[in-house]
Each structure stands twice: as C-alpha cells, then as structure tokens.
Amino acid sequence: MIMETCRDKAKIRVRIAKSSDLDDIYELDMQTFAMPWSKEALSYDILENDNAFVIVAEYEGEFAGYADIWTVLDEADLNSIAVRVDFRRKGIGDAIMLAMTEILSANGVATINLEVRVSNMPAIKLYKKYGFNECGVRPGYYLDNGEDALIMKRETGGYA
Ligand SMILES: CC(C)(COP(=O)(O)OP(=O)(O)OC[C@H]1O[C@@H](n2cnc3c(N)ncnc32)[C@H](O)[C@@H]1OP(=O)(O)O)[C@@H](O)C(=O)NCCC(=O)NCCS
C-alpha cells in the first residue's frame, strides 16, 4: 500500500515507511525507548507484515519521527510513536497522529488501542488531543522499572 500525506505549511511530510527508513527508525527507537524493538521486528513490520502500518514523518526532507501500528479486523494498536528530540514541539506528533487516523479510518478501523507509561505526560496529552480516553491501568506493565501502563482507546468519531 502506498499512501502519502503532505503538510506543506509546516514543512512536514508524512508517508508510509520504506526499507531505506529502517536504520533511522531503529536508531530513533534505541535513543527513545528503554525497551526498544529489535531491527528484525521493525524490518518485519515495514516490509512483510500485512497487518502493520509504519508511518514516517520528515521535516524539511529529513527523517524526524515514526509510528508503528498493528491492525486486526476493525481494531488497531498504536505500538509506538517517536519524534527525534531535535524535532519535537514542531507539530510532527500532530502530523503523525492525523495521518494515522486518516489511514486507519480509510482501512475500516473503528477502534485504536494503546498503552502508555503513566508518567509520560507529553504522550498522554498528545493522545487525549486526538480523542483517546483513559480506560484502565495495567499495573507494573513496563518490565524495565515496573511502571504502570495507562490503557487508552479511541473510537471512530472521537476526534472533534
Ligand atoms: C510524544 C511525542 C511523540 C510528541 O511529539 P511532538 O512532535 O513533540 O508533538 P507535537 O509538537 O506535534 O505536539 C502535539 C501535541 O502533543 C502534546 N505534547 C507534545 N509534547 C508535549 C510536552 N512536552 N508537554 C506537554 N504536551 C506535549 C500536546 O498536546 C501537543 O499539542 P499542543 O501543541 O496543541 O499543546 C514526543 O514527545 C516523543 O517522541 N516522545 C518520546 C517517545 C514517546 O514517549 N512516545 C510515546 C510512547 S510510545
């Protein structure tokens, strides 16, 4: 599937990931997360997994962020979203979330689920902005420090 979304005003371009994005995504994942995914897992989602969407954002042509999403029937899981530290607070997270909801909606997805660390205020605020609601807690979900996960869900029509 090829789908591209251009947001000229903000110099941000959002598109589906390709094989040449793998190193950038892997490096960002390693820098961002305490429990990063393996290169093999990321590669599988970019190249082979028919139930995955990997979205890349560029800022003025430079790799700036990504999101990895899995779908099962009419539900999706947002596995990860990350923006490079030097590109944060420029609207790239916004652009990725907008592209994700557009792509998933076009593919018949009605519900998006995610887990987020209870301490991760920037991400929780981003998710709430795009219509995700808190719907539970998984105690001790994150193995690196035993932190709880907040479970959030977005039903179609949740973004006003
Ligand atoms: C969460 C993250 C993706 C946001 O990306 P970003 O490009 O900086 O976000 P944007 O500039 O598009 O901001 C969009 C919204 O996110 C929220 N937000 C982003 N950064 C924030 C911060 N530091 N404090 C509070 N809210 C924040 C706000 O709601 C913001 O909307 P607003 O500007 O209207 O207030 C980025 O901080 C990141 O990569 N964090 C590390 C990875 C991570 O924690 N991912 C989530 C778990 S998988």
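Guide: Welcome! A helpful rule to start with: Asp, Glu, Lys and Arg count as charged, while Ala, Val, Leu, Ile, Met, Phe, Trp, Tyr, Cys and Pro count as nonpolar, and the others, Gly among them, as polar. By that rule, the lining of the largest pocket in this predicted model holds 19 nonpolar, 7 polar and 10 charged residues.

Visitor: What makes a residue part of the lining of the largest pocket?

Guide: A lining residue has an atom within 4 Å of a point of the pocket. There are 36 such residues, and Phe33, Ile81, Asn120, Ala123 and Tyr127 lie nearest the centre of the pocket.

Visitor: Which element gives the largest share of that lining?

Guide: That is strand S5 (75-83), with 7 residues. Helix H1 (22-32), H3, strand S6 (111-117) and H4 also supply at least two residues each. The space in this pocket comes to about 1200 Å³.

Visitor: What takes up space in the largest pocket?

Guide: The ligand does: the space it takes is the largest pocket. To sit in a pocket, a molecule needs more than half of its atoms within 2 Å of the grid points, so the ligand passes that test.

Visitor: Why are Ile81 and Val83 said to be near the ligand?

Guide: Being near takes a heavy atom within 4 Å, and both belong to the 20 residues that surround the ligand, so the word fits. The closest are Ile81, Val83, Gly93, Asn120 and Lys129. This shell divides into 9 nonpolar, 5 polar and 6 charged residues. Helix H4 (121-129) gives the largest share of the shell, 6 residues.

Visitor: Why does the pair between Val83 and the ligand count as a polar contact?

Guide: The cut-off for a pair of N or O atoms is 3.5 Å, and a backbone N or O atom of Val83 lies 2.8 Å from a ligand oxygen, so the pair qualifies. A backbone N or O atom of Arg89 is also 2.8 Å from an oxygen atom of the ligand. For Asp94, a polar backbone atom is 2.8 Å from a ligand oxygen.

Visitor: How much of the ligand does the protein bury?

Guide: Taken alone, the ligand exposes 920 Å², and the protein buries 78% of that.

Notes
Residues are numbered from 1 along each chain as its sequence is written. This is a predicted model: local features need pLDDT of at least 70, side-chain atom pairs count only at pLDDT 80 or more; totals for chains, interfaces and linings use all residues. Side-chain values use heavy atoms; hydrogens and water are left out. A polar contact is a pair of N or O atoms within 3.5 Å; within protein, one must be able to donate a hydrogen and the other to accept it, and residues adjacent in sequence count only if both atoms are side-chain atoms. Accessible areas come from the Shrake-Rupley method with a 1.4 Å probe; for residues, only the protein chains shown count as cover. On a 1 Å grid over the protein atoms alone, a cavity is a set of points where a 1.4 Å probe fits but cannot get out, and a pocket is an open set with protein on both sides within 12 Å along at least five of seven lines; lining residues have an atom within 4 Å of a point. Helices (H or I, at least four residues) and strands (E, at least two) are DSSP runs, numbered from the N terminus. Grid points are joined across faces, edges and corners, and a volume is the space filled by probe spheres set on the points.
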